[in-house]
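Reader: I've got a new model open on my screen and I'd like to talk it through. Can you take me around it, one question at a time?

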Amino acid sequence: MGNNPSAADILEKEPWRKMPLTTTKIPDMRRELMGKIKTFQKKGNVNFLNILLLGQSSSGKSSFVNSCATALYDANRIVTPCGVLEPQSESVTARLEAHPIKISSTAFLPVRIFDCRGLHDLNGVHSDDIKNMCDGRIKNEYTFDPTLPVRSDNEKFRERPQLQDRMHCVVYVAAADNPKELLADGRANEQLKAIRAVLSAANIPQLVLLNKIDRLGMKDITTIFRNKLVKETCEGAMEFMSLPLGNVLPMINYTEEQTPDSMKDFLALFNLWYMMSKANDYVGLQSDVPEGFND
Ligand SMILES: Nc1nc2c(ncn2[C@@H]2O[C@H](COP(=O)(O)OP(=O)(O)OP(=O)(O)O)[C@@H](O)[C@H]2O)c(=O)[nH]1
Ligand SMILES: [Mg+2]
């Protein structure tokens with residue numbers, strides 16, 4: 001055995017992702033991001049920025065919401081507002097759920113994270129309904145029927161969605177140890193292409209959240225942005241999804257631990273802030289269009 005690091009521990013000289021922050025140490029960057037999020041200025045006339053997490057069951061959607069809650073809701077405690085499935089458990093029916101994000105005992109972020117609980121693969125939801133969700137036609141807590149899109153006489157159908165009802169950012173969630181698990185083969189792949197085309201045409205920001213980066217096997221998670229294997233894994237997702245590398249967000253969620261970790265907090269805060277910024281850009285652009293312009 002030599003002193004050569006394993007493939008999962010090879011570092012580049014310079015970080016492959018530059019942080020738009022003035023500080024460089026993890027606890028300081030965490031604090032700076034917390035400030036940015038807590039003082040976030042929403043553009044346009046919407047009450048909330050809507051972020052949709054789309055991904056297969058077990059890709060870590062609920063875990064990400066929990067990591068954000070832990071990172072934001074004060075120190076020294078793991079917070080789990082969302083139920084996380086045991087690795088082997090059966091998934092439940094696909095249902096749309098909005099999660100509020102608490103920042104103190106009385107205050108919330110102006111953000112709604114929508115998660116489609118139990119999405120087995122993209123076939124679990126009719127492709128028209130993914131478009132309907134993005135267009136704001138489906139209300140919170142709607143249970144999907146994979147064979148039929150939402151009916152206009154359903155109580156969870158929204159007849160005339162406004163900007164504040166639409167999704168302002170769509171995040172494809174995948175696990176880093178198997179990013180292509182994001183999609184099943186065949187029809188689901190075709191379905192994803194169709195969704196991507198609709199979202200791209202509507203200029204809705206699209207990101208990839210690559211959870212479970214720890215499963216790549218690195219020893220030191222604090223060097224994630226200099227780690228060669230993490231970079232290559234993100235590049236793989238970038239090519240697969242035809243998105244810029246900056247839109248691929250590596251993540252390590254809280255899973256079993258009892259106490260918070262500043263690197264996991266930092267990753268959760270950075271990824272959440274990035275999603276909020278993209279959603280905000282979209283809302284800003286849409287709000288700048290004069291009324292009736294697109295009629
Ligand atoms: N090692 C590791 N495990 C993770 C990570 N994120 C999530 N997990 C585990 O992956 C499993 C599934 O996580 P969930 O958050 O329930 O996944 P989900 O996408 O919400 O799944 P559905 O609700 O069925 O759609 C759980 O056992 C989590 O503990 C991570 O970053 N690293
Ligand atoms: Mg879940």
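Reader: Let's start with helix packing: how are α2 and α6 oriented, roughly parallel or roughly perpendicular?
Author: Keep in mind that this is a predicted model. Helix α2 covers residues 61–72 and helix α6 covers residues 262–287, and their axes come within 8 Å and cross at roughly 105 degrees. Angles from 65 to 115 degrees count as roughly perpendicular, so α2 is, relative to α6, roughly perpendicular.

Reader: Which residues of α6 do the α2 residues meet there, and how does the contact divide by class?
Author: On the α2 side you'll find Phe64, Ser67, Cys68, Thr70, Ala71 and Leu72, and they meet Asp265, Ala268, Leu269, Asn271, Leu272 and Met275 of α6. Sorted by class, the residues of this contact come out as 8 nonpolar, 3 polar and 1 charged.

Reader: Next, backbone angles. What is the phi of Asn203, and is Asn203 buried or exposed?
Author: Most residues other than glycine have a negative phi. Asn203 isn't a glycine, yet its phi is positive, near 60 degrees. Asn203 sits in the loop between α4 (187–201) and β5 (206–211). Its relative accessible area is 60%, and over 50% counts as exposed, so Asn203 is exposed.

Reader: And Lys212, which also has a positive phi: is Lys212 buried or exposed?
Author: Lys212 has a phi of about 65 degrees, and it isn't a glycine either. You'll find Lys212 in the loop between β5 and α5 (228–241). Its relative accessible area is 19%, and the cut-off for buried is under 20%, so Lys212 counts as buried.

Reader: Where should I look for the centre of the second largest pocket, and which residues are closest to it?
Author: That pocket holds about 660 Å³ of space. Its lining has 18 residues, which split into 5 nonpolar, 7 polar and 6 charged. The ones closest to the centre are Pro161, Gln162, Leu163, Arg166 and Gln286.

Reader: Zooming out, what pattern does the protein chain follow along the sequence?
Author: The chain has 6 helices and 6 strands. Read along the sequence, they give the pattern α-β-α-β-β-α-β-α-β-α-β-α.

Reader: Last one: how much of the protein chain is buried, and what share of the contacts join residues at least 24 apart?
Author: The chain has 295 residues, and 48% of them count as buried. Take the contacts between residues at least 6 apart in sequence: the share joining residues at least 24 apart is 72%.

Methods:
Residues are numbered from 1 along each chain as its sequence is written. Chains are lettered from A and ligands numbered from 1 in the order in which they are written. This is a predicted model: local features need pLDDT of at least 70, side-chain atom pairs count only at pLDDT 80 or more; totals for chains, interfaces and linings use all residues. Side-chain values use heavy atoms; hydrogens and water are left out. Helices (H or I, at least four residues) and strands (E, at least two) are DSSP runs, numbered from the N terminus. Buried means under 20% relative accessible area, exposed over 50%, partly exposed in between (1.4 Å probe, protein chains only). Axes are lines fitted to C-alpha atoms, for helices over the stretch in contact, and angles run from 0 to 180 degrees between N-to-C directions. Angles under 35 degrees count as roughly parallel, over 145 as roughly antiparallel, 65 to 115 as roughly perpendicular and the rest as oblique. Contact means heavy atoms within 4.5 Å. Ala, Val, Leu, Ile, Met, Phe, Trp, Tyr, Cys and Pro count as nonpolar, Asp, Glu, Lys and Arg as charged, and the others, Gly among them, as polar. On a 1 Å grid over the protein atoms alone, a cavity is a set of points where a 1.4 Å probe fits but cannot get out, and a pocket is an open set with protein on both sides within 12 Å along at least five of seven lines; lining residues have an atom within 4 Å of a point. Grid points are joined across faces, edges and corners, and a volume is the space filled by probe spheres set on the points.
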